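Colleague: I should like to request a close look at a single part of this predicted model. Please keep the explanation suitable for a first-year student.

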Amino acid sequence: MAQHHSLEAACDPPHEAEAGWPPAPVRLAVPEEAGAMQRLFHHHLYELGRGVRPLFLMTLATRELPPLLARLERAGIDHFVQQVSPAKANLFFGRDAFVAVARAFVTRPLNALTAEEDFMLGTLLGYDREQQCRRYLTRSGRGMDRPALAAE
């Protein structure tokens, strides 16, 4: 029988709730947007566990971080936090190698990344490759002499 990987364990329902899969969002005494953020986070965990995408980025209020970080720690999912402001943070999480690469070059605000770093990050996050190529060409100033690329 196949062994469950820690990502699968993070996404699989508890045995007593299997009939209710996927689980209903956890209702907390927090503003509605926090509930939406938790639902999105759980959806990302589901996608990660199923191999849909290997890396995720969520920008959220700093006060929303503790339960998400605790869940990532319990599941053994690699992650790091980039503080955006006192009230906001970027949470990166996913497969170890992808998080390690993102951690290596996301050392300043995302809008300060080079065109190459921006391209790499977008590709790692699973964004549309053609759009990433066009974004790179625009940001780097390369390919601007081809009107078809600049106009699209």
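Is D118 buried or exposed? Please describe its partners and its surroundings as well.

Modeller: The model is predicted, and the description below should be read in that light. D118 is buried, because its relative accessible area is 12%, and the limit for that label is under 20%.

Let us begin with the charged partners of D118. Side chains of opposite charge can pair when their charged atoms come close. The side chain of D118 forms a salt bridge with that of R135, with 2.6 Å from N to O. R135 belongs to helix 6 (residues 129-140) and D118 to helix 5 (residues 115-124), so this pair ties together parts that are 17 residues apart in sequence. Unlike a residue with the label buried, R135 is partly exposed, because its relative accessible area is 42%, and that label covers values between 20% and 50%.

R139 is another partner of D118: their side chains meet in a salt bridge at 3.2 Å, N to O. R139 lies in helix 6 and D118 in helix 5, so here the parts tied together are 21 residues apart in sequence. R139 has a relative accessibility of 34% and therefore counts as partly exposed. Through shared partners, salt bridges join D118, R135 and R139 into one network.

The residue just before D118 in the numbering also takes part in a salt bridge. E117 pairs with R108, and their closest N and O atoms are 2.3 Å apart. E117 is buried, with a relative accessible area of 16%, whereas R108 is partly exposed at 27% relative accessibility. In the whole structure, the search finds six salt bridges.

The next step is to consider the open space beside this network. Rolling a probe the size of a water molecule over the atoms shows where empty space is left. The second largest pocket holds about 150 Å³ of space. D118, R135 and R139 are among the residues that line this pocket, and the lining also includes L57, L110, N111, L113, L121, G122, L125, Y127 and Q132. Helix 5 and helix 6 are the elements that give two or more residues to the lining. The two helices that the salt bridges of D118 tie together are thus also found around this pocket.

One lining residue, L125, deserves separate attention. L125 is found in the loop between helix 5 and helix 6. At 2% relative accessibility, L125 counts as buried. Leaving out residues up to four places away in sequence, L125 touches R53, L55, F56 and L57. L125 and R53 are 72 residues apart in sequence, yet their C-alpha atoms are 7.2 Å apart in space.

R53 leads to another part of the chain. E47, in helix 2 (residues 32-49), is in contact with V52, R53 and F56, not counting its neighbours within four places in sequence. R53 and F56 are therefore found both in the contacts of E47 and in those of L125. E47 is buried, with a relative accessible area of 16%.

Finally, the nonpolar cores place this region within the wider model. In soluble globular proteins, nonpolar side chains tend to be buried together. The largest nonpolar core has 15 residues, and F41, M58, L60, L72, I77, L91 and F93 have the most contacts inside it. Helix 2, strand 1 (55-61), helix 3 (65-75) and strand 3 each supply at least two residues of this core. Apart from this core lies another, of 11 residues, which includes L55, F80, L113 and L124. Two of these names have a link to the region already described: L55 is touched by L125, and L113 lines the second largest pocket.

In summary, D118 is a buried residue that is joined with R135 and R139 into one salt-bridge network, and these three residues are among those lining the second largest pocket.

Definitions and conventions
Residues are numbered from 1 along each chain as its sequence is written. This is a predicted model: local features need pLDDT of at least 70, side-chain atom pairs count only at pLDDT 80 or more; totals for chains, interfaces and linings use all residues. Side-chain values use heavy atoms; hydrogens and water are left out. A salt bridge is a side-chain nitrogen of Lys or Arg within 4 Å of a carboxyl oxygen of Asp or Glu. Buried means under 20% relative accessible area, exposed over 50%, partly exposed in between (1.4 Å probe, protein chains only). Helices (H or I, at least four residues) and strands (E, at least two) are DSSP runs, numbered from the N terminus. Contact means heavy atoms within 4.5 Å. A nonpolar core is a set of buried Ala, Val, Leu, Ile, Met, Phe, Trp, Tyr and Cys residues joined through side-chain atoms within 4.5 Å. On a 1 Å grid over the protein atoms alone, a cavity is a set of points where a 1.4 Å probe fits but cannot get out, and a pocket is an open set with protein on both sides within 12 Å along at least five of seven lines; lining residues have an atom within 4 Å of a point. Grid points are joined across faces, edges and corners, and a volume is the space filled by probe spheres set on the points.
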